[in-house]
Amino acid sequence: LCKARGIGTCLDTAGAGRGSYDSILQNTDLVLLDIKHYTPEGYRQITGREMDMFNRFLEDVQKYQVPMWIRHVVVPGLTDGDAHLQGLLEFVSTLRNVRRVELLPYHTLGVHKYHTLGYPYPLEGVEPLAKDALAGWQEKFDRAFPHI
C-alpha cells in the first residue's frame, strides 16, 4: 500500500526481534541498523544476549536485498579503539547493500531518564565522546561506503 502511494518505508532496528521478517522486509525500502557490536563476545558484553537473532535478521535483510544504513554508537573505553573500529569496518564490508555508515559519538542525554525511573545507568561515569574524535574514522567509512 505504501509503495503504491509513493511512500517510502524505513525500519529502524537493532535487529533483535522474534524472527519471521519476510513480510516486513518485503515491504521495507531501507533498514536503519544499529550494530551494537560485531563479535559474539562484544555483543554479549554490551547487550547481555547472544547474536543469534541479530545474525538471523541480518541474513534476512541480505536475502531481500534491502538497502541498509548502519549506525554504531562509539563509547569511550568500550567501542572507541582503533582495533575495534577497524574490525567494524571489515565486518560491515562483508555485508551487501550498505549505503551508509554513521559513527555516532556516545552522549549522556538519556542518563536522567534512568535516574528518574530509579534504574542504574550501565555506563555511569563514562564521559561523552567529542564528535570530532570520530572524524578520521568517519572519513574512512565514507570512502568505503559512498553515500548512494
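This is a short talk about the sheet and the largest pocket of one structure.

Okay, hi everyone. Keep in mind that what you're looking at is a predicted model. I'll start with the sheet, then go to the pocket.

So, the sheet. We have four strands in an open arrangement, and the order is simply β1-β2-β3-β4, with parallel pairing. On the edges sit β1, residues 10-13, and β4, residues 98-105, and each of those pairs on one side only. How much are neighbouring strands turned against each other? On average it's 15 degrees, ignoring direction.

Let's zoom in on one pair. β1 runs parallel to β2, which covers residues 30-34, and four bridges join the two. If you want a spot to click on, take leucine 11: its bridge partner in β2 is valine 31.

Now the pocket. The largest one comes out at about 530 Å³. Which elements give two or more residues to its lining? Those are α2 (40-47), β3 (68-74) and α5 (111-117), so to speak our cast for this part. Notice that β3 is also a strand of the sheet I just described. The top contributor is α2, with three residues.

In total, 20 residues line this pocket. Nearest its centre you'll find Lys36, Val73, Val75, Tyr106 and Leu123. And what does the lining look like by class? We get 12 nonpolar residues, six polar ones and two charged ones.

That's it from me. If you'd like to look for yourselves, Leu11 and Val31 are the bridge partners to find in the sheet, and Tyr106 is one of the residues nearest the pocket centre.

Terms used
Residues are numbered from 1 along each chain as its sequence is written. This is a predicted model: local features need pLDDT of at least 70, side-chain atom pairs count only at pLDDT 80 or more; totals for chains, interfaces and linings use all residues. Side-chain values use heavy atoms; hydrogens and water are left out. On a 1 Å grid over the protein atoms alone, a cavity is a set of points where a 1.4 Å probe fits but cannot get out, and a pocket is an open set with protein on both sides within 12 Å along at least five of seven lines; lining residues have an atom within 4 Å of a point. Grid points are joined across faces, edges and corners, and a volume is the space filled by probe spheres set on the points. Ala, Val, Leu, Ile, Met, Phe, Trp, Tyr, Cys and Pro count as nonpolar, Asp, Glu, Lys and Arg as charged, and the others, Gly among them, as polar. Two strands pair if DSSP finds at least two bridges between them. Axes are lines fitted to C-alpha atoms, for helices over the stretch in contact, and angles run from 0 to 180 degrees between N-to-C directions.
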